[in-house]
Amino acid sequence: MQSWRSVMAALLVAFVVCTRALAQTVSYPPASSIDSALGIRAESLSPGASVALRTAVVDSDGRLWTARAEFRADGTGTVDTGSDPSLDGSYRGVEATGLFNQMRIVGYSAGQHRFAMSGLSSLVTTIALEDSAGGVLDSLVVERFFVGQDVEINSGIMVLDAAWA
């Protein structure tokens, strides 16, 4: 017969393994066009959990732009910016791209600065999933393109790489 200590140890190991298997994650396509209306998803949360999603990008002048939105996970432990409302933060309500288009320079009000870009390069953006205390649960880096990968720019003229009938 097993002692209560060995049973408790086995339960603790099972809990740790299950917790790691159900780690909270944030997802978004690793590369997309700047105008894609794709929602950011957070999964494997506790149903009803309060979490925040944060985006951050540095412009060509070296200024940090961020946005943050607070959400409550649905009954399946999921948050999707395309269908779930932001309850507080940089915007409120359902806005799939809100965390991208509501970014501001830290410490400044909306409209005080324009985003500085040199050329038509892509934007490399960090997306972070935070718990209610501000701890980072997961993060990822995504690249958003101004010009599709099938477009070639020659002397200021865009040439579409496609066969025309």
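Which residue in β3 does T25 stand opposite? Look across to strand β3 and you'll find E43 there, facing T25. Keep in mind as you look around that this is a predicted model.

Let's start with how far to trust what you see. The protein averages a pLDDT of 78, and 75% of the residues score at least 70. The start of the chain is another story: over residues 1-22 the pLDDT is below 50. Beyond near neighbours in sequence, that stretch has two contacts in the model.

Now back to T25 and E43. Their strands, β1 and β3, run antiparallel and are joined by three bridges. On the β3 side, the strand covers residues 41-43. Zoom out a little and you'll see that β1 and β3 belong to an open sheet of three strands, in the order β1-β3-β6, with antiparallel pairing. The edges of this sheet are β1 (25-27) and β6 (79-80), each of which pairs on one side only.

Next, find β4 (50-58) and β5 (64-72), with a loop between them. These two strands run antiparallel, and nine bridges join them. Want a pair to look for? Pick A52 and follow the bridge to its partner in β5, E70. Together β4 and β5 make a hairpin with five residues between the strands.

One residue in that turn is worth a stop: G62, which has a positive phi of about 80°. Is G62 buried or exposed? Its relative accessibility is 54%, and exposed means over 50%, so G62 counts as exposed. G62 also shows how a fold can bring together parts of a chain: A116 is 54 residues away in sequence, yet the C-alpha atoms of the two are 8.7 Å apart in space.

Strand β4 has another partner too. Five bridges join β4 to β9, and these two strands also run antiparallel. Here you can spot T55 standing opposite I127 in β9.

Following β9 leads us to the last stop, the largest pocket. Both β9 (123-130) and α2 (98-101) supply at least two residues each to its lining. The volume of this pocket is about 270 Å³. How many residues line the largest pocket? There are 15, and the ones nearest the centre are F100, N101, M103, F115 and L123. Sorted by class, the lining has nine nonpolar residues, four polar ones and two charged ones.

Definitions and conventions
Residues numbered from 1 in each chain as written. Predicted model: local features only at pLDDT ≥ 70, side-chain atom pairs only at ≥ 80, totals over all residues. Heavy atoms only, no water. pLDDT = per-residue confidence, 0-100. Contact = heavy atoms within 4.5 Å. Helix = DSSP H or I, 4+ residues; strand = E, 2+ residues; numbered from the N terminus. Buried < 20%, exposed > 50% of the residue type's maximum accessible area, 1.4 Å probe, protein only. Pairing = 2+ DSSP bridges. 1 Å grid on protein atoms, 1.4 Å probe; cavity = no way out; pocket = protein on both sides within 12 Å on 5 of 7 lines; lining within 4 Å. Points joined across faces, edges and corners; volume = space filled by probe spheres on them. Nonpolar A, V, L, I, M, F, W, Y, C, P; charged D, E, K, R; others polar.
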